[in-house]
Amino acid sequence: MKKIIVLIAVVLLLASCTPPELPELPSSKVYDYRGPLLDPDDAPENSIKGIQEIDIDTYSLEVFGFVDIPQTLTYQQVLSLTSYQKTVALYCVEGWSVSFDWEGVLITDIIDLAGIGDEAVTVIFHAADGYTTSLPLYVVQERQMLLAYRANDDVLTPRWGYPFIVVAEDRLGYKWARWVTGIELSDDPEYQGFWESRGYDNDAKRVPEETR
Ligand SMILES: Nc1nc2c(c(=O)[nH]1)N[C@H]1C(S)=C(S)[C@@H](COP(=O)(O)O)O[C@H]1N2
Ligand SMILES: [Mo]
């Protein structure tokens, strides 16, 4: 029975979500996780335009929208903020998860550089491939969510979003924007990102273990 579960897990891993390219990760786990009710036919797990290769010399992180003073930050400027570490699992809607030791900066520390505008309620993440996704501002604040630049003591690989990935803890994979190039504050509580506007649940809360 165990063998069958492992086999199913491996097949799922190979067939759907791209397996992690960090083979040295000892904490990788595969769970029999059933995601939210999505149409399996339109639940592709690959990035919308493939893995992005970011030139760090020309890279910048834009902080804009409902802020006091928009910011254009270099990679080094972001890294100069206080760093934090958290072990958080990414749950893919297709049934696997990986638990990484993420290191990064608080998203709120970045936003605070620009100053939060009065009407701001939503944080929209923009990525190099045109992908967007969003989280409520209070969730980002209360959960002290990270914008990570390292995983398991290594600089992020392009596959994992170099230079930055949103560590959207307890939210499904599509909230984990990779190759982040922009953080926008919006006054729109209903904003829908790339997959959200195609029917994915905007809350994206992962189904608790006991209801699996
Ligand atoms: N920039 C960007 N970030 C992205 C995506 C994407 O297409 N572009 N895909 C999302 C989705 S749907 C998932 S499940 C996670 C993990 O993607 P993976 O399954 O390819 O590892 O990245 C998320 N972040
Ligand atoms: Mo996904």
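Colleague: How do β6 and β11 pair, parallel or antiparallel?
Modeller: Antiparallel, over 6 bridges. Keep in mind that this is a predicted model.

Colleague: Fine. Which residue in β11 is the bridge partner of A127?
Modeller: That's V180. Further along the pairing, F125 has I183 as its bridge partner in β11.

Colleague: And what stands opposite F125 in β7?
Modeller: T133 does. So F125 has I183 as a partner in β11 and T133 across from it in β7.

Colleague: How many bridges do β6 and β7 share, then?
Modeller: They pair over 5 bridges, in the antiparallel sense, with β6 covering residues 122–127. T122 is part of that pairing too, and its bridge partner in β7 is P136.

Colleague: What about the turn between β6 and β7, how many residues sit between the strands of that hairpin?
Modeller: There are 4. In that hairpin, G130 takes a positive phi near 90°.

Colleague: Why do you call β6 largely enclosed?
Modeller: Because 5 of its 6 residues are buried, the rest of the structure largely encloses β6. As for β11, that strand is mostly covered, with 6 of its 7 residues buried.

Colleague: Zoom out a bit. What's the strand order in the sheet?
Modeller: β3-β2-β11-β6-β7, an open sheet of 5 strands with mixed pairing. The edges are β3 (71–73) and β7 (132–136), each of which pairs on one side only. On average, neighbouring strands are turned by 20° against each other, ignoring direction.

Colleague: Where does the parallel part come in?
Modeller: Between β2 (residues 61–65) and β11, which pair in the parallel sense over 4 bridges. One spot to click on there is G65, which stands opposite L185 in β11.

Colleague: Any general rule for where side chains point in a strand?
Modeller: In a regular strand they alternate between the two faces of the sheet.

Colleague: Changing topic: charges. How many salt bridges does a search of the whole structure find?
Modeller: The search turns up 5. One of them joins E169 and K86, with N to O at 2.6 Å. That pair links distant parts of the chain, as E169 is in the loop between β10 and β11, while K86 is in strand β4 (residues 84–91), 83 residues apart.

Colleague: Is E169 buried or exposed?
Modeller: Buried, at a relative accessible area of 11%.

Colleague: Which arginine does E169 form a salt bridge with?
Modeller: R143, with the closest N and O atoms 3.5 Å apart. This one also links distant parts of the chain: R143 belongs to the loop between α4 (137–142) and β8 (146–151), and the two residues are 26 apart. R143 itself is partly exposed, at 31% relative accessible area.

Colleague: And what distance do you get for D170 and R143?
Modeller: Their side chains meet in a salt bridge at 2.8 Å, N to O. Those two are 27 residues apart, with D170 in the loop between β10 and β11. D170 is partly exposed, and its relative accessible area is 32%.

Colleague: So which residues end up in the salt-bridge network?
Modeller: K86, R143, E169 and D170 are linked in it.

Colleague: What about R171, where is that found?
Modeller: In the loop between β10 (165–167) and β11 (180–186). R171 is buried yet has no salt bridge.

Colleague: Which side chain of opposite charge is nearest to R171?
Modeller: D170, and it's 5.6 Å away. A salt bridge needs the nitrogen within 4 Å of a carboxyl oxygen, so that pair doesn't count.

Colleague: What does the R171 side chain have for polar company?
Modeller: The backbone oxygen of D203 lies 3.2 Å from a polar atom of that side chain.

Colleague: And what does R171 touch, leaving out residues up to four places away in sequence?
Modeller: L135, V139, R143, W176, D203, A204 and K205. R143 is on that list, and it's also part of the salt-bridge network.

Definitions and conventions:
Residues numbered from 1 in each chain as written. Chains lettered and ligands numbered in written order. Predicted model: local features only at pLDDT ≥ 70, side-chain atom pairs only at ≥ 80, totals over all residues. Heavy atoms only, no water. Buried < 20%, exposed > 50% of the residue type's maximum accessible area, 1.4 Å probe, protein only. Lys, Arg positive; Asp, Glu negative; His and termini not counted. Polar contact = N/O pair within 3.5 Å; in protein donor to acceptor, adjacent residues only side chain to side chain. Contact = heavy atoms within 4.5 Å. Pairing = 2+ DSSP bridges. Axes fitted to C-alpha atoms, helices over the stretch in contact; angles between N-to-C directions.
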